[in-house]
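Here is a quick walk through a protein chain and its ligand, section by section. Have the viewer open while you read.

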Amino acid sequence: MRTNGLLLVTGLVLTVGQGVEAADNAALTDTKAAYEAGGRWYTAEDIPTFKIAEDGTVDWPTFSGFRRYNAECFQCHGPDGAGGSYAPALEKSVMKIDYYTFLDIVVNGKQEVNASQNLVMPALGENPNVMCYLDDIYTYLRARGSGELGRGRPQKKETKNDAFAEAENSCMGS
Ligand code: HEC
């Protein structure tokens, strides 16, 4: 059943436009986890974020984001969000563009055309392997960009909780 995933994608596209106006600059660098809902952490401004314990244990969604980034973004954007020869370093991008702009670019794509280059960020809005994990990828990149998560595979992670598993299953339609 793909219907659920596609419905979710439509919902996201609709919220993107509203969010761009509502976003405020303080949220750009604020990665502090304020509350948990549905198995993931959010900032006080309701932006998905990571939570890393003192011993380095990362929250499950952030670990999931590491895996999904490597499956869907790595080939162009390079290891650890650090940038490739073809596409920019997303660990830096996510600290400069707001959450809603990030969603908009991934859903709809982006194309830079000038005399010296023709770079294309593909529109990934219909790919459930991206859309169902986009908040995970975002929090992973924010963890990298804030400097709180080092390069490579996170060594310690929390286990997947029921709320996350439920949301994942309904998004992927399984
Ligand atoms: C086929 C190669 C390719 C893949 C795969 C890809 N990207 Fe991109 N992406 C690009 C290119 C090239 C650009 C630069 C486009 C531009 O500047 O107009 C870009 C730009 C972006 C930007 C804007 C960055 C900025 O600073 O303006 C974001 C955000 C982004 N990509 C997120 C992602 C995410 C998240 C994934 C994985 C789910 C992904 N991309 C997968 C090629 C890719």
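## The overall picture

A note on the labels before we start: helices (H or I, at least four residues) and strands (E, at least two) are DSSP runs, numbered from the N terminus. Counted that way, the protein chain has nine helices and five strands. Walk along the sequence and you get the pattern α-α-β-β-β-α-α-α-α-β-β-α-α-α. Of its 174 residues, 29% count as buried. Take the contacts between residues at least 6 apart in sequence, and 66% of those join residues at least 24 apart.

## How far to trust it

Keep in mind that this is a predicted model. The protein chain averages a pLDDT of 88, and 84% of the residues score at least 70. The stretch to watch is residues 1-23, where pLDDT stays under 50. The model still has 31 contacts for that stretch beyond four places in sequence. As a general caution, where pLDDT is low, the predicted coordinates should not be read in detail.

## The three-stranded sheet

One sheet is open and has three strands, in the order β1-β2-β3, with antiparallel pairing. β1 (35-37) and β3 are the edge strands; each has a single partner strand, so one side of each is left without a neighbour in the sheet. Between β1 and β2 there are three bridges, in the antiparallel sense. If you want a pair to look for, Y35 stands opposite Y42 in β2.

Now for the loop between β2 (40-42) and β3 (48-49), which is where D46 is found. The phi of D46 is near 70°, a positive value in a residue other than glycine. Is D46 buried or exposed? It falls in between: D46 has 13 other C-beta atoms within 10 Å, so it is partly exposed.

## The nonpolar core

Nonpolar side chains tend to be buried together in soluble globular proteins. Here, the largest nonpolar core has 25 residues, and L134, I137 and Y138 are those with the most contacts inside it. At least two core residues come from each of α3 (60-72), α5, α6 (99-108) and α8 (134-145). Which helix gives the largest share? That is α8, with six residues.

I137 is a good place to zoom in. Setting aside residues up to four places away in sequence, I137 touches G65, R68, Y69 and C73.

Over in helix α3 you'll find F63. This residue is buried because it has 24 other C-beta atoms within 10 Å, where 20 or more is enough. Beyond four places in sequence, F63 is in contact with V58, P154 and K157. F63 and T159 are 96 residues apart in sequence, yet their C-alpha atoms are 9.6 Å apart in space.

## The loop from α4 to α5

Two residues are worth a look in the loop between α4 (74-77) and α5 (90-96): D80 and Y86. D80 has a positive phi of about 60° although it is not a glycine. With 21 C-beta neighbours inside 10 Å, D80 counts as buried.

What about Y86, buried or exposed? Y86 is exposed, with 12 other C-beta atoms within 10 Å. Y86 and Q75 are eleven residues apart in sequence, and 9.1 Å apart in space from C-alpha to C-alpha.

## α6 and the hairpin

The buried residues of α6 are Y99, Y100, F102, L103, D104 and V106. Just after α6 comes G109, with a positive phi of about 85°.

Next up is a hairpin, formed by β4 and β5 with four residues between them. These two strands pair in the antiparallel sense over four bridges. One pairing to find is Q111, whose bridge partner in β5 is V120.

## Around the ligand

Which residues come nearest to the ligand? Of the 23 residues around it, they are C73, C76, S93, E112 and M121. Several elements already covered turn up here: α4, α5, α6, β4 (110-113) and β5 (118-121) each give two or more residues to the shell around the ligand. By class, this shell has 16 nonpolar, four polar and three charged residues.

Technical notes: Residues numbered from 1 in each chain as written. Predicted model: local features only at pLDDT ≥ 70, side-chain atom pairs only at ≥ 80, totals over all residues. Core = buried A, V, L, I, M, F, W, Y, C linked by C-beta atoms within 7 Å. Contact = placed C-beta atoms within 7 Å. pLDDT = per-residue confidence, 0-100. Near = placed C-beta within 6 Å. Nonpolar A, V, L, I, M, F, W, Y, C, P; charged D, E, K, R; others polar. Pairing = 2+ DSSP bridges.
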